[in-house]
Amino acid sequence: MSIHLGWGSRVRGLFADTKGPWGSGSGDGGSEPPSDDGQSSGPWGDTPRRRRSAIGKGPNVSTLDEFLRRSRARFGRGRGGGLPGRPDRSLVLWALLGFLLIWLVFTSTHSISPGESGVVTTFGRYSRTLTSGVSFTLPSPIERVKKVDVQTIRSIDMGSAGSDDLMLTGDQNLLDLAYSVRWNIRSPELFLYQLSQPEETIREVAESAMRAVVSQVTLNDAMGDRRAEIESQVAQNMQRILDSYHSGIQVQGIAIKQADPPDAVNDAFKQVTAAQQDAQTYINNANAYSLQLRQKAQGEATAFEKVYEQYKLAPEVTRRRMYYETMEQVLSKVDKTIVEVPGVTPYLPLPEVKKQQQERQQ
Amino acid sequence: MRGFIGRRPILSGIIAFVALLLVLESFPVIPETKQAVVVRFGKPVRIYNQYKAGRPIGAAGAGINWRIPFAEQLVWIDKRVQDVDMQRQQVISTDQRRLEVDAFARYRIVNPTLMYVRAGTEQQLTDQLRPILGSEVRNELGRIEFASLLTPERQGIMDSVRTSLNRIARQYGVEVLDVRIKRTDLPDGAPLSSAFDRMRTAREQEARSIRAQGAKQAQIIRAEADAEAARTYAASFGKDPDFYDFYRAMQSYQQTFIGDGQEKVAGTTIVLSPQNDYLKEFSGRGGPK
């Protein structure tokens, strides 16, 4: 183990050095010179200390030549550098050990929040799925956990209002449809590994299923009372297709937000509504007339029957009484002329009569 | 060992580095989503993590595998279901109607070696499949009538597109899972505007028919009311037609000469003969009767 650690630090040191001449940004003016201050410190000394010493050294010449020269010098001297017995050697070891420990702890314990699943891969191969709670796996390079949210219901909007996205219906009409698809992830491992573009797939499947269903209903059905049926049918079809891909996706539902005729023919559809209102108006008027007429008929008939009951009791007298009363009322209100002499054709001065009337009216 | 490291730190570092590289090179990690074709000097020799229908995820294949470093290269090929989208194109049905069709196919590479040899990269594969899909769709749809595109038959059409596409795709080591029409639209211009015209006139027709039906119903309601009123009158007045005649005459006189008190009736002059029944008493008792 300690050998490995030593190697690790050595490799790190090597990498840190090679950065030097190319001036990769490391905080101190862009150049990180290798240590060459003649001390007994070997070329593989710990990096942080060297950096610290480098800061105070002022500008460095970071050319390739310089680097090569230094490297040569360092490699030549390297033989003499004794690794064991360095004062801060153990400190480095401890630091590395601590780092490793933290790494182990952090990459092997996983807290999966509710509504999430953790898909565990061992060297890339799927091994298991973690449910919510705290779980342990092997540390990171060996086992990796990818958290997938399986609870949240996602929504994809298809076809927006006002767009030119028209669908053909079964009766070869066009329909402007906007709807949304709600879905969540049912099995995270399938979701991760089966489809290359899950969201795009859902979109295409939704579009295909919706158009297939709409192409089998009439325009009025799609706009009217069969919407719910269409929604559930599309959801079913989508689920079937997605299952055939083993997608691990659960379709929660389809919601048709808008199903309208295209803008170009909207006026004609409004006319139909107007016509329906008109037709209702006609019927209402007729009903009013009907009611009125029936009431009138019943009223008159009842009145007649009432009079008739009385009339039957004394027909002759009642009849005469009614006759005289009516005549009285009528004749008292009109101009009367009685021609007494029989056989004489009376001359009626009609203009005269009219004049009299006009005078009376004034 | 330790002594050697102490003596030759640089050399041992280099050795370690090379060894690490060798290990990494020799034992590649294959993720679940990829298949890997091992190519030795340009010749495919074996496949890691090949897709097999029905095999559960994580069964075998993915994970750490081996290869001869530097001599064998890995060609990565996606294991997941992928899609190829057809270019939107016009299709003419047997009844000479034009339709714009958009379709997509879902496929999976089941034979990565074949695919690598025949197509090369995935991009090239899609580029080759796309026109084939397009022409197959066009061929199949060109054989049917416009109206049957809008029926359940269309699934059958898609199945036959899938079969014929599959026949070609198999040569690339590809299995087509599904071909679906995404959209069937009327092309812009004359076909679309004539469809709009048809819709508009159909609606106008509907509007007229609704109005006419309303009028019809209204008329029936009125007639029924008339009939019922007549029945009511007849039932009541029929009891004594003679008296009804008299009664109605009296009402009629009042109405005609006096009005119902609301409207002014035009002035009337009545010329009466003494023979009038009303005046029979005028000439005294025993007069003409």
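Colleague: In this predicted model, what distance should the 17 residues of helix H7 of chain B span, and how far apart are its end C-alpha atoms?
Modeller: Helix H7 of chain B covers residues 241-257, and the expected length follows from a rise of 1.5 Å a residue. The 17 residues should therefore span 24 Å. The C-alpha atoms at the two ends agree with this expectation, for the distance between them is 24 Å.

Colleague: Which residue takes a positive phi just after H7(B)?
Modeller: When we follow chain B beyond the end of helix H7(B), we come to a residue whose phi is positive, at about 85 degrees. That residue is B:Gly259.

Colleague: How are helix H10 of chain A and H7(B) oriented towards each other, roughly parallel or roughly antiparallel?
Modeller: Helix H10 of chain A, residues 315-333, packs with H7(B) at an angle of about 10 degrees, and the two axes are 9 Å apart. Angles under 35 degrees count as roughly parallel. The orientation of H10(A) to H7(B) is therefore roughly parallel.

Colleague: Which residues of H7(B) make the contact with H10(A), and how do the residues of this contact divide by class?
Modeller: From H10(A) the contact takes A:Arg319, A:Met322, A:Tyr323, A:Thr326, A:Gln329, A:Val330 and A:Lys333. On the other side, H7(B) contributes B:Phe246, B:Met250, B:Tyr253, B:Gln254 and B:Phe257. By class, the residues of this contact are 7 nonpolar, 3 polar and 2 charged.

Colleague: Which helix gives the largest share of the side of chain B that touches chain A?
Modeller: In the contact between the chains, 82 residues of chain B meet 90 residues of chain A. The chain B side consists of 41 nonpolar, 18 polar and 23 charged residues. Its largest share, 26 residues, comes from residues 190-237, that is, from helix H6 of chain B.

Colleague: How does helix H9 of chain A lie against H6(B), roughly parallel or roughly perpendicular?
Modeller: The axes of H9(A), residues 266-313, and H6(B) come within 8 Å and cross at roughly 5 degrees. Since angles under 35 degrees count as roughly parallel, that crossing makes H9(A) and H6(B) roughly parallel. The residues of their contact divide into 23 nonpolar, 12 polar and 12 charged, and the orientation asked for is roughly parallel.

Colleague: In E10(B), which residue is the bridge partner of A:Thr337?
Modeller: Strand E10 of chain A, residues 335-338, and strand E10 of chain B, residues 269-272, run parallel and are joined by 4 bridges. Within E10(B), the partner of A:Thr337 is B:Val271.

Colleague: Which strands stand at the edges of the open sheet E3-E2-E5 of chain B?
Modeller: The sheet has 3 strands in the order E3-E2-E5, with antiparallel pairing. An edge strand has a single partner strand, so one of its sides is left without a neighbour in the sheet. Neighbouring strands here are turned by 30 degrees against each other on average, direction ignored. The edge strands are E3 (43-48) and E5 (72-78) of chain B.

Colleague: Which residue of E5(B) stands opposite B:Gln35?
Modeller: Strand E2 of chain B, residues 34-40, runs antiparallel to E5(B), and 7 bridges join these strands. Opposite B:Gln35, in E5(B), stands B:Ile77.

Colleague: By how many degrees are neighbouring strands turned on average in the open sheet E3-E2-E5 of chain A?
Modeller: This sheet also has 3 strands with antiparallel pairing, and its edge strands, E3 (125-130) and E5 (143-149) of chain A, each pair on one side only. Strand E2(A), residues 116-122, is joined to E3(A) by 5 bridges, and A:Val119 stands opposite A:Thr129 in E3(A). With direction ignored, the average turn between neighbouring strands is 25 degrees.

Colleague: Does B:Asn49 count as buried or exposed?
Modeller: B:Asn49 lies in the loop between E3 and strand E4 (63-64) of chain B, and has a positive phi of about 55 degrees although it is not a glycine. A residue with 20 or more other C-beta atoms within 10 Å is buried. Because B:Asn49 has 23 C-beta neighbours inside 10 Å, it counts as buried.

Colleague: And does B:Phe70 count as buried or exposed?
Modeller: B:Phe70 is found in the loop between E4 and E5 of chain B, and its phi is near 70 degrees, a positive value in a residue other than glycine. With 12 or fewer such neighbours a residue is exposed. Since B:Phe70 has 10 C-beta neighbours inside 10 Å, it counts as exposed.

How values were computed:
Residues are numbered from 1 along each chain as its sequence is written. Chains are lettered from A and ligands numbered from 1 in the order in which they are written. This is a predicted model: local features need pLDDT of at least 70, side-chain atom pairs count only at pLDDT 80 or more; totals for chains, interfaces and linings use all residues. The expected span of a helix is 1.5 Å times one less than its number of residues. Axes are lines fitted to C-alpha atoms, for helices over the stretch in contact, and angles run from 0 to 180 degrees between N-to-C directions. Angles under 35 degrees count as roughly parallel, over 145 as roughly antiparallel, 65 to 115 as roughly perpendicular and the rest as oblique. Two residues are in contact if their C-beta atoms, placed from the backbone, lie within 7 Å. Ala, Val, Leu, Ile, Met, Phe, Trp, Tyr, Cys and Pro count as nonpolar, Asp, Glu, Lys and Arg as charged, and the others, Gly among them, as polar. Two strands pair if DSSP finds at least two bridges between them.
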